[in-house]
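Visitor: Could you take me on a close look at the place where the ligand sits, and tell me what surrounds it there?

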Amino acid sequence: MSLKGKCAVVTGSTSGIGEGIAKALAAAGANIMLNGFGDADQIEALRAGMEAEHGVKCLYSDADMSKGETAKQLVHDTEKAFGAVDILVNNAGIQTVEKIEDFPDTRWDLILAINLSSNFHTIKAAVPGMKARGFGRIINIASAHGLVASPYKAAYVAAKHGVLGLTKTVALELAESGITCNAICPGFVKTPLVEGQIAEQAKANKMSEDEVVRNVILASQPSKKFVEVDEVAAMTVFLAGPSGTSITGAPISMDGGWTAR
Ligand code: NAD
(Lines give C-alpha, C1' and ligand atoms only; values in the text may rest on other atoms or scores of the structure.)
Protein backbone atom coordinates (compact mmCIF):
# COMPACT_ATOMS: atom_id res chain seq x y z
CA MET A 1 0.00 0.00 0.00
CA SER A 2 1.45 3.35 -0.91
CA LEU A 3 1.01 6.42 1.25
CA LYS A 4 3.65 8.25 -0.78
CA GLY A 5 3.35 12.01 -0.40
CA LYS A 6 1.02 11.78 2.61
CA CYS A 7 2.07 13.46 5.86
CA ALA A 8 1.40 11.92 9.26
CA VAL A 9 1.61 12.96 12.89
CA VAL A 10 1.90 10.15 15.42
CA THR A 11 1.67 11.29 19.03
CA GLY A 12 3.70 9.29 21.53
CA SER A 13 5.85 7.68 18.83
CA THR A 14 9.20 7.48 20.64
CA SER A 15 8.32 4.06 22.09
CA GLY A 16 6.11 0.99 21.81
CA ILE A 17 3.00 1.03 19.63
CA GLY A 18 3.46 4.61 18.39
CA GLU A 19 7.02 3.91 17.26
CA GLY A 20 5.81 0.82 15.38
CA ILE A 21 3.02 2.83 13.73
CA ALA A 22 5.40 5.62 12.72
CA LYS A 23 7.82 3.11 11.16
CA ALA A 24 5.04 1.32 9.27
CA LEU A 25 3.60 4.59 7.91
CA ALA A 26 7.12 5.63 6.83
CA ALA A 27 7.65 2.24 5.19
CA ALA A 28 4.44 2.90 3.23
CA GLY A 29 5.91 6.23 2.04
CA ALA A 30 4.44 8.82 4.42
CA ASN A 31 6.42 11.71 5.88
CA ILE A 32 6.34 11.51 9.66
CA MET A 33 6.25 13.91 12.59
CA LEU A 34 7.46 11.92 15.58
CA ASN A 35 6.42 13.02 19.06
CA GLY A 36 7.00 11.91 22.63
CA PHE A 37 9.62 11.86 25.32
CA GLY A 38 12.85 9.93 25.80
CA ASP A 39 16.59 9.92 25.35
CA ALA A 40 17.56 12.60 22.79
CA ASP A 41 20.23 10.46 21.09
CA GLN A 42 17.88 7.49 20.74
CA ILE A 43 15.12 9.68 19.31
CA GLU A 44 17.53 11.24 16.81
CA ALA A 45 18.72 7.76 15.80
CA LEU A 46 15.09 6.72 15.25
CA ARG A 47 14.31 9.86 13.22
CA ALA A 48 17.43 9.68 11.05
CA GLY A 49 17.08 5.90 10.64
CA MET A 50 13.52 6.24 9.31
CA GLU A 51 14.61 8.89 6.81
CA ALA A 52 17.55 6.79 5.63
CA GLU A 53 15.64 3.52 5.42
CA HIS A 54 12.46 4.75 3.78
CA GLY A 55 13.47 7.91 1.90
CA VAL A 56 10.79 9.98 3.62
CA LYS A 57 11.01 13.21 5.59
CA CYS A 58 10.91 12.66 9.33
CA LEU A 59 10.81 15.34 12.00
CA TYR A 60 10.51 15.21 15.78
CA SER A 61 8.59 17.36 18.27
CA ASP A 62 8.66 17.08 22.06
CA ALA A 63 5.21 18.73 22.31
CA ASP A 64 3.54 17.76 25.59
CA MET A 65 0.15 16.11 24.94
CA SER A 66 -1.01 16.91 28.48
CA LYS A 67 -1.45 20.54 27.42
CA GLY A 68 -4.08 21.62 24.91
CA GLU A 69 -2.05 24.45 23.44
CA THR A 70 1.03 22.31 22.75
CA ALA A 71 -1.12 19.52 21.32
CA LYS A 72 -2.63 22.00 18.83
CA GLN A 73 0.83 23.45 18.15
CA LEU A 74 2.11 20.00 17.16
CA VAL A 75 -0.47 19.89 14.36
CA HIS A 76 0.22 23.47 13.25
CA ASP A 77 4.01 22.90 13.28
CA THR A 78 3.57 19.77 11.13
CA GLU A 79 1.38 21.62 8.64
CA LYS A 80 4.00 24.34 8.43
CA ALA A 81 6.86 21.87 7.94
CA PHE A 82 5.18 19.42 5.55
CA GLY A 83 2.34 21.53 4.10
CA ALA A 84 -0.36 19.19 5.43
CA VAL A 85 -1.49 16.75 8.07
CA ASP A 86 -3.22 13.98 6.12
CA ILE A 87 -2.97 11.27 8.75
CA LEU A 88 -3.36 11.97 12.47
CA VAL A 89 -2.64 9.12 14.88
CA ASN A 90 -3.52 9.89 18.50
CA ASN A 91 -1.47 7.33 20.38
CA ALA A 92 0.21 9.01 23.39
CA GLY A 93 -1.03 7.45 26.59
CA ILE A 94 -0.18 6.70 30.20
CA GLN A 95 -1.63 4.44 32.89
CA THR A 96 -2.07 4.35 36.66
CA VAL A 97 -3.38 1.30 38.53
CA GLU A 98 -4.96 2.20 41.90
CA LYS A 99 -8.13 1.66 43.94
CA ILE A 100 -10.78 4.32 43.26
CA GLU A 101 -10.65 5.68 46.82
CA ASP A 102 -6.86 6.07 46.62
CA PHE A 103 -6.65 7.18 43.01
CA PRO A 104 -4.50 10.35 43.00
CA ASP A 105 -6.41 13.41 41.72
CA THR A 106 -3.33 14.56 39.82
CA ARG A 107 -3.09 11.25 37.94
CA TRP A 108 -6.81 11.38 37.05
CA ASP A 109 -6.32 14.85 35.56
CA LEU A 110 -3.13 13.87 33.71
CA ILE A 111 -4.54 10.64 32.25
CA LEU A 112 -7.69 12.41 31.06
CA ALA A 113 -5.54 15.17 29.54
CA ILE A 114 -3.11 12.90 27.66
CA ASN A 115 -5.31 9.90 26.82
CA LEU A 116 -8.49 11.82 25.91
CA SER A 117 -8.30 15.61 25.74
CA SER A 118 -5.18 15.63 23.53
CA ASN A 119 -7.19 13.71 20.92
CA PHE A 120 -9.80 16.50 20.95
CA HIS A 121 -7.17 19.23 20.60
CA THR A 122 -5.19 17.60 17.78
CA ILE A 123 -8.36 16.66 15.87
CA LYS A 124 -9.78 20.18 16.24
CA ALA A 125 -6.51 21.62 14.92
CA ALA A 126 -6.16 19.14 12.02
CA VAL A 127 -9.72 19.12 10.66
CA PRO A 128 -9.77 22.55 8.92
CA GLY A 129 -6.77 21.59 6.74
CA MET A 130 -8.17 18.10 6.09
CA LYS A 131 -11.53 19.59 5.08
CA ALA A 132 -9.85 22.08 2.75
CA ARG A 133 -7.98 19.21 1.03
CA GLY A 134 -10.99 16.85 1.10
CA PHE A 135 -8.94 14.08 2.67
CA GLY A 136 -8.07 12.98 6.17
CA ARG A 137 -7.46 9.89 8.25
CA ILE A 138 -7.84 10.20 12.03
CA ILE A 139 -6.86 7.06 13.92
CA ASN A 140 -7.17 7.04 17.68
CA ILE A 141 -5.36 4.29 19.56
CA ALA A 142 -7.93 3.47 22.22
CA SER A 143 -7.91 0.07 23.94
CA ALA A 144 -10.08 -2.91 24.80
CA HIS A 145 -10.57 -0.71 27.87
CA GLY A 146 -12.53 1.63 25.62
CA LEU A 147 -15.20 -1.09 25.45
CA VAL A 148 -14.96 -2.92 28.77
CA ALA A 149 -13.59 -2.12 32.20
CA SER A 150 -11.08 -3.64 34.58
CA PRO A 151 -10.80 -2.74 38.24
CA TYR A 152 -8.23 -0.20 39.47
CA LYS A 153 -7.97 1.59 36.12
CA ALA A 154 -10.67 4.26 36.63
CA ALA A 155 -9.00 7.10 34.75
CA TYR A 156 -7.65 4.95 31.91
CA VAL A 157 -10.98 3.18 31.33
CA ALA A 158 -12.94 6.45 31.53
CA ALA A 159 -10.54 8.16 29.10
CA LYS A 160 -10.55 5.28 26.60
CA HIS A 161 -14.39 5.06 26.68
CA GLY A 162 -14.31 8.81 26.03
CA VAL A 163 -12.02 8.29 23.03
CA LEU A 164 -14.66 6.02 21.47
CA GLY A 165 -17.37 8.65 22.02
CA LEU A 166 -15.18 11.32 20.45
CA THR A 167 -14.30 9.00 17.54
CA LYS A 168 -17.95 8.31 16.69
CA THR A 169 -18.96 11.97 16.96
CA VAL A 170 -16.11 13.17 14.75
CA ALA A 171 -16.84 10.41 12.21
CA LEU A 172 -20.48 11.49 11.92
CA GLU A 173 -19.63 15.19 11.63
CA LEU A 174 -17.07 14.55 8.88
CA ALA A 175 -18.75 11.66 7.06
CA GLU A 176 -19.23 13.60 3.80
CA SER A 177 -15.89 15.37 3.81
CA GLY A 178 -13.43 12.61 2.78
CA ILE A 179 -12.21 12.31 6.36
CA THR A 180 -12.53 9.12 8.39
CA CYS A 181 -12.12 8.76 12.14
CA ASN A 182 -11.67 5.37 13.77
CA ALA A 183 -10.43 3.87 17.02
CA ILE A 184 -8.19 0.83 17.25
CA CYS A 185 -8.88 -1.11 20.46
CA PRO A 186 -5.96 -3.42 21.20
CA GLY A 187 -5.86 -5.92 24.03
CA PHE A 188 -2.50 -6.33 25.73
CA VAL A 189 0.36 -5.49 23.40
CA LYS A 190 3.90 -6.54 24.15
CA THR A 191 5.63 -3.17 24.48
CA PRO A 192 8.71 -2.45 26.62
CA LEU A 193 6.28 -1.25 29.30
CA VAL A 194 4.47 -4.60 29.50
CA GLU A 195 7.71 -6.61 29.23
CA GLY A 196 8.94 -4.85 32.36
CA GLN A 197 5.73 -5.78 34.18
CA ILE A 198 6.16 -9.49 33.35
CA ALA A 199 9.55 -9.66 35.04
CA GLU A 200 8.33 -7.65 38.06
CA GLN A 201 5.19 -9.75 38.54
CA ALA A 202 7.12 -13.01 38.18
CA LYS A 203 9.45 -11.92 40.95
CA ALA A 204 6.66 -10.57 43.20
CA ASN A 205 4.37 -13.62 42.75
CA LYS A 206 7.15 -16.23 42.65
CA MET A 207 5.80 -17.44 39.31
CA SER A 208 7.55 -18.23 36.05
CA GLU A 209 7.30 -15.53 33.40
CA ASP A 210 5.11 -17.89 31.32
CA GLU A 211 2.67 -18.30 34.24
CA VAL A 212 2.50 -14.54 34.74
CA VAL A 213 1.73 -13.99 31.07
CA ARG A 214 -0.99 -16.67 30.95
CA ASN A 215 -2.63 -16.32 34.35
CA VAL A 216 -2.10 -12.68 35.30
CA ILE A 217 -1.46 -10.38 32.36
CA LEU A 218 -3.46 -12.29 29.75
CA ALA A 219 -6.15 -13.59 32.13
CA SER A 220 -8.86 -11.78 30.14
CA GLN A 221 -7.34 -12.31 26.67
CA PRO A 222 -8.72 -15.66 25.40
CA SER A 223 -6.00 -16.14 22.76
CA LYS A 224 -3.41 -16.12 25.60
CA LYS A 225 -1.15 -14.34 23.15
CA PHE A 226 -0.04 -10.73 23.14
CA VAL A 227 -1.15 -8.52 20.28
CA GLU A 228 1.98 -7.57 18.36
CA VAL A 229 2.95 -3.94 17.76
CA ASP A 230 3.30 -4.78 14.05
CA GLU A 231 -0.34 -5.90 13.88
CA VAL A 232 -1.59 -2.57 15.26
CA ALA A 233 0.79 -0.74 12.91
CA ALA A 234 -0.48 -2.70 9.89
CA MET A 235 -4.10 -1.93 10.82
CA THR A 236 -3.22 1.77 11.04
CA VAL A 237 -1.64 1.69 7.56
CA PHE A 238 -4.72 -0.09 6.21
CA LEU A 239 -7.09 2.51 7.70
CA ALA A 240 -4.89 5.31 6.32
CA GLY A 241 -4.95 3.92 2.80
CA PRO A 242 -7.62 3.82 0.10
CA SER A 243 -9.14 0.55 1.38
CA GLY A 244 -10.10 2.37 4.57
CA THR A 245 -12.35 4.85 2.79
CA SER A 246 -15.67 3.43 4.04
CA ILE A 247 -14.54 2.55 7.53
CA THR A 248 -15.46 5.39 9.87
CA GLY A 249 -16.72 5.72 13.41
CA ALA A 250 -15.60 2.16 14.11
CA PRO A 251 -14.06 0.73 17.25
CA ILE A 252 -11.72 -1.90 15.75
CA SER A 253 -11.00 -4.62 18.27
CA MET A 254 -7.63 -6.36 18.10
CA ASP A 255 -7.76 -8.21 21.40
CA GLY A 256 -7.54 -11.97 20.89
CA GLY A 257 -11.27 -12.31 21.70
CA TRP A 258 -11.28 -10.32 24.98
CA THR A 259 -14.39 -8.24 24.18
CA ALA A 260 -16.24 -11.18 22.57
CA ARG A 261 -17.06 -12.46 26.03
P1 NAD B 1 4.63 3.36 25.77
O2 NAD B 1 4.78 3.79 27.19
O3 NAD B 1 5.60 2.37 25.20
O4 NAD B 1 4.59 4.65 24.81
C5 NAD B 1 3.88 5.81 25.17
C6 NAD B 1 4.37 6.96 24.32
O7 NAD B 1 3.66 8.14 24.71
C8 NAD B 1 5.87 7.28 24.49
O9 NAD B 1 6.40 7.67 23.25
C10 NAD B 1 5.84 8.46 25.46
O11 NAD B 1 6.99 9.29 25.36
C12 NAD B 1 4.60 9.18 24.98
N13 NAD B 1 4.04 10.11 25.95
C14 NAD B 1 3.73 9.91 27.25
N15 NAD B 1 3.29 11.05 27.80
C16 NAD B 1 3.32 12.00 26.83
C17 NAD B 1 2.99 13.37 26.76
N18 NAD B 1 2.55 14.04 27.84
N19 NAD B 1 3.15 14.04 25.60
C20 NAD B 1 3.63 13.40 24.49
N21 NAD B 1 3.95 12.08 24.49
C22 NAD B 1 3.80 11.41 25.64
O23 NAD B 1 3.13 2.81 25.68
P24 NAD B 1 2.41 1.86 24.61
O25 NAD B 1 2.15 0.59 25.30
O26 NAD B 1 3.11 1.86 23.30
O27 NAD B 1 1.00 2.62 24.47
C28 NAD B 1 0.68 3.49 23.40
C29 NAD B 1 -0.83 3.68 23.33
O30 NAD B 1 -1.46 2.41 23.13
C31 NAD B 1 -1.46 4.27 24.59
O32 NAD B 1 -2.48 5.19 24.26
C33 NAD B 1 -2.02 3.06 25.29
O34 NAD B 1 -3.10 3.39 26.14
C35 NAD B 1 -2.46 2.24 24.11
N36 NAD B 1 -2.62 0.81 24.40
C37 NAD B 1 -1.55 0.08 24.87
C38 NAD B 1 -1.74 -1.29 25.14
C39 NAD B 1 -0.62 -2.18 25.65
O40 NAD B 1 -0.89 -3.29 26.10
N41 NAD B 1 0.64 -1.76 25.58
C42 NAD B 1 -3.01 -1.87 24.94
C43 NAD B 1 -4.05 -1.08 24.47
C44 NAD B 1 -3.84 0.26 24.20
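**Around the ligand**

Guide: Let's start with a backbone contact: a polar backbone atom of Val189 lies 2.8 Å from an oxygen atom of the ligand, a polar contact being a pair of N or O atoms within 3.5 Å. Side chains take part too: an N or O atom of Ser15 is 2.6 Å from a ligand oxygen, and one of Asp64 is 2.8 Å from a ligand nitrogen. On its own the ligand has 830 Å² of accessible area, and the protein covers 90% of this (Shrake-Rupley method, 1.4 Å probe).

This is a predicted model, in which local features need pLDDT of at least 70, side-chain atom pairs need 80 or more, and totals for linings use all residues. Residues are numbered from 1 along each chain, and side-chain values use heavy atoms, without hydrogens or water.

Now for the whole shell: 30 residues surround the ligand, each with a heavy atom within 4 Å of it. Among the closest are Thr14, Asn91 and Tyr156. By class, the shell has 15 nonpolar, 13 polar and 2 charged residues; Gly counts as polar here, while Tyr and Cys count as nonpolar. Domain 1 (7–187 + 227–243) and domain 2 (188–226) each give at least three residues to the shell, with bounds from an automatic or database domain assignment.

Technical notes. Polar contact = N/O pair within 3.5 Å; in protein donor to acceptor, adjacent residues only side chain to side chain.
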